[in-house]
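Please explain how this protein chain is put together, moving from its overall make-up to its helix packing and then to individual residues in loops and helices.

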Amino acid sequence: MHLEKSSAQAAVVPILPTILFTIPLSIPYLLLLRFATSKFLLPSTRTKISKFFASILILPPIIFLSTFDTAPNTNRYRFMILWPWEEQKLVQISKENVETVIGSEALVPSDDPRTQMFEQICHRLWKQGVIEKYKNNVMIKEPIVYLIDNEELLDGVSYPCSAITLTTCWLRLLDYDENLIAAIIAHEIAHIIQNHASEFYGMSFIIKVMTRLGEMFGNLIPGLNKEGIKRRPLHFLQQHSQMLEREADLLGQEIMARAGYDPAKAIELWELMVSLEETNKSSMEQLQIPKSSHDEEGRGIRHSSDITFKYHPLKEHRVKYLTENLLQVQHLYVNYKKID
Ligand SMILES: [Zn+2]
């Protein structure tokens, strides 16, 4: 599945970073203006202009602080660059994108046992894994899963409008194992309830502007390592994306355990991916893989086989931290079994 670049491209221009970057850029111009006109102005007017400069300089830290936020359910500190109405616009765009995808791809019919299996798993994860525990933090409606009939393309996307698209290729890979499928869906649900698409959109917007500024001003300073300046923001964005993946992995594993799916299967899932990559590389290469794993245009967060992309943690790391987290969530699974 390849999403077409559509109206979604740069559809939301976040106002906060725009102001943030405009202010420092305008300072040299304003200072020059003050210097040039100082001879003709009264001292009182000059003081007023100076005070105006000072108040402008206070704005960036205020704007910076106003984006400070804690992620729901995990209480991780983060910066949410988008205003609520900008987030709403992003949700609306993702809705349109889901409609485009389901209109252009071959969907597995809703009465097909495979679709019903995915829907049932998603419903149980949502009801018992999310709502029971996090009902006060979750303002989002239950996600809809769309199963796309494509045996060759390994692809999964979670959309901020609370929709998930997965290809039937996953079924083949996971051998119809209900717990392994639950691991994938729980991970996607975690992305949605943590509002990762919006967080990542804001961060990638800032990184894009910084890269552009680096290109502009890098040329003015001789002897500067331009490639290094270009790479650093991208490296930061990759690290940020890996952190979001880790959060979705850990929260997803907890959601699984709460809903009575074996949380150890989340580890098995990534071990399976590692072994597929190592022992059966040629067959993995035969699979088609989408060009980008993370969608920087905010349309959703994409997962594929990961082999070409650095925006996801190394699978070996995933296996390690999921194994450690298993000790924290195992009791939820055990208790669930007792109730059931
Ligand atoms: Zn993910």
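**Helix packing and local environments**

H6 is mostly covered, with 14 of its 16 residues buried. This is a predicted model, and helix H6 is a useful place from which to read it. Its 16 residues reach 22 Å from the first C-alpha to the last, close to the 22 Å expected at 1.5 Å a residue. Around this helix, the protein chain comprises 11 helices and 6 strands. Of its 340 residues, 37% count as buried. Among the contacts in the protein chain with a separation of 6 or more, 72% are between residues 24 or more positions apart.

The packing of H6 against another helix comes next. Two packed helices are described by the angle between their axes and by the distance between those axes. Helix H4 (residues 113–134) and helix H6 (residues 178–193) pack at an angle of about 50°, and their axes are 9 Å apart. Because of that angle, H4 is oblique to H6. The crossing of H4 and H6 is right-handed. On the H4 side, the contact is made by Phe118, Ile121, Cys122, Leu125, Trp126, Gly129, Val130 and Tyr134. H6 contributes Glu178, Ile181, Ala182, Ile185, Ala186, Ile189 and Ile193. The residues of this contact divide into 13 nonpolar, 1 polar and 1 charged. An α-helix has 3.6 residues a turn, so residues three or four places apart point the same way.

Met256, in helix H8 (residues 226–258), touches residues of both H4 and H6 that belong to this contact. Not counting residues up to four places away in sequence, the residues touched by Met256 include Leu125, Gly129, Ala182 and Ala186, and these four are also named in the contact of H4 with H6. Met256 further touches Ala183, Tyr261, Pro263 and Ala266. Met256 counts as buried because it has 30 C-beta neighbours inside 10 Å, where 20 or more are required. Met256 and His187 are 69 residues apart in sequence, yet 8.9 Å apart in space, C-alpha to C-alpha.

The loop between helix H5 (169–174) and H6 holds Tyr176 and also Asp175. Which of these residues has a positive phi? The phi of Asp175 is near 55°, a positive value in a residue other than glycine. Most residues other than glycine have a negative phi. Asp175 is exposed because 9 other C-beta atoms lie within 10 Å. Tyr176 is likewise exposed, since 12 other C-beta atoms lie within 10 Å, and a residue with 12 or fewer is placed in that class. The C-alpha atoms of Tyr176 and Met117 are separated by 9.4 Å, although the two residues are 59 residues apart along the chain.

Just after H6, Asn195 takes a positive phi of about 60°. Helix H7 (residues 196–218) has 23 residues and reaches 31 Å from its first C-alpha to its last, close to the 33 Å expected at 1.5 Å a residue. The buried residues in H7 include His196, Ala197, Ser198, Glu199, Phe200, Tyr201, Gly202, Met203, Ser204, Phe205 and Ile206.

Two of these residues of H7, Glu199 and Gly202, are in contact with Met80. Met80 is found in the loop between strand S2 (77–79) and helix H3 (84–104). Leaving aside neighbours within four places in sequence, Met80 is also in contact with Thr67 and Asp69. Met80 counts as buried because it has 21 C-beta neighbours inside 10 Å. The C-alpha atoms of Met80 and Phe64, 16 residues apart along the chain, are separated by 9.8 Å.

Asn73 is found in the loop between strand S1 (68–70) and S2. The phi of Asn73 is near 70°, a positive value in a residue other than glycine. Asn73 is partly exposed because 19 other C-beta atoms lie within 10 Å, whereas 20 or more would make a residue buried.

Helix H2 (residues 43–66) offers a contrast in burial to H6. H2 is hardly covered, the count of buried residues among its 24 residues being 0, whereas H6 is mostly covered. H2 reaches 35 Å from its first C-alpha to its last, close to the 34 Å expected at 1.5 Å a residue.

Definitions and conventions: Residues are numbered from 1 along each chain as its sequence is written. This is a predicted model: local features need pLDDT of at least 70, side-chain atom pairs count only at pLDDT 80 or more; totals for chains, interfaces and linings use all residues. Axes are lines fitted to C-alpha atoms, for helices over the stretch in contact, and angles run from 0 to 180 degrees between N-to-C directions. Helices (H or I, at least four residues) and strands (E, at least two) are DSSP runs, numbered from the N terminus. Angles under 35 degrees count as roughly parallel, over 145 as roughly antiparallel, 65 to 115 as roughly perpendicular and the rest as oblique. A crossing is left-handed if the near helix is turned anticlockwise from the far one by less than a right angle, and right-handed if clockwise. Two residues are in contact if their C-beta atoms, placed from the backbone, lie within 7 Å. Ala, Val, Leu, Ile, Met, Phe, Trp, Tyr, Cys and Pro count as nonpolar, Asp, Glu, Lys and Arg as charged, and the others, Gly among them, as polar. The expected span of a helix is 1.5 Å times one less than its number of residues.
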